[in-house]
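This explanation leads through the salt bridges of one protein model and then turns to a single serine. Please keep the sequence and the structure in view while reading.

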Amino acid sequence: MLKHLEPVSTRSICTLEVVTTSEGLADLLPIWDQLIRQADLSHPFMTHEWIRTWWECFGGDAELCIVVVRADGEPIAIAPFMRIRERVYGKSSRCLRLLANDHTPHCDFIIGSRPDDAYAAIWEFLMNGADSWDMVV
């Protein structure tokens with residue numbers, strides 16, 4: 001499922017789409033590959049194939065929360081998050097975390113272009129959604 005959010009920056013017109021289903025993740029393949037090429041990432045740990053396989057193996061009870069940032073309609077970044085409940089110091093907490101664990105040597109945002117706009121949009125997403133999670137990991 002894609003959720004469309006309002007523009008988040010006055011510097012450019014950035015919009016966000018939040019993908020929450022495995023089918024939505026599969027549909028991101030062409031955009032994902034395009035951004036990986038633009039970002040010139042040489043390791044396999046941020047590829048669509050790695051993330052999709054990781055999700056199938058380790059997603060468990062978590063909910064996908066893949067944030068696609070667009071500027072002027074063009075994809076410029078992907079932030080691969082998931083929402084999950086975890087016990088932190090004995091308290092159940094709603095966590096937003098990157099799609100990674102001990103089997104993932106590297107995980108990050110995929111920034112294809114316009115990094116200032118991309119990071120500003122992701123930051124706004126994190127700040128505006130703060131009532132949906134207790135911590136970002």
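Arginine 70 is a place to begin. The model is a predicted one, and in this model arginine 70 has a relative accessible area of 17%. Buried means under 20%, so arginine 70 counts as buried. Its side chain meets that of glutamate 17 in a salt bridge, with an N to O distance of 2.2 Å. The two residues belong to distant parts of the chain, 53 residues apart: glutamate 17 is in strand β2, residues 14–19, and arginine 70 is in strand β3, residues 63–71. Glutamate 17 is buried as well, because its relative accessible area is 9%, and the limit for buried is 20%.

How many salt bridges are there in total? The count comes to 7. Another of them joins arginine 52 and glutamate 56, whose side chains meet with an N to O distance of 3.9 Å. A salt bridge requires the nitrogen to be within 4 Å of the carboxyl oxygen, so the pair at 3.9 Å is counted. Both residues are in helix α3, residues 48–58; because they are 4 residues apart there, about one helical turn separates them. Is each partner buried or exposed? Arginine 52 is partly exposed, at 29% relative accessible area. Glutamate 56 has 58% relative accessibility and therefore counts as exposed, the cut-off being over 50%.

A further salt bridge is formed by aspartate 72 and arginine 114, with their closest N and O atoms 3.1 Å apart. Aspartate 72 lies in the loop between β3 and β4 (74–88), while arginine 114 lies in the loop between β6 (110–111) and α4 (115–128), so this pair ties together parts that are 42 residues apart in sequence. Arginine 114 has 31% relative accessibility and counts as partly exposed. Aspartate 72 and arginine 114 also belong to a network of salt bridges that includes Asp117.

The last stop is serine 93. Where does serine 93 lie? Serine 93 is in strand β5, which covers residues 91–98. Its relative accessibility is 5%, and since buried means under 20%, serine 93 counts as buried. Leaving aside residues up to four places away in sequence, serine 93 touches Ile84, Arg85, Glu86, Val88, Asp134 and Met135. Of these contacts, Ile84, Arg85, Glu86 and Val88 are among the residues touched by serine 93 that fall in the range of β4, 74–88.

Notes
Residues are numbered from 1 along each chain as its sequence is written. This is a predicted model: local features need pLDDT of at least 70, side-chain atom pairs count only at pLDDT 80 or more; totals for chains, interfaces and linings use all residues. Side-chain values use heavy atoms; hydrogens and water are left out. Buried means under 20% relative accessible area, exposed over 50%, partly exposed in between (1.4 Å probe, protein chains only). Contact means heavy atoms within 4.5 Å.
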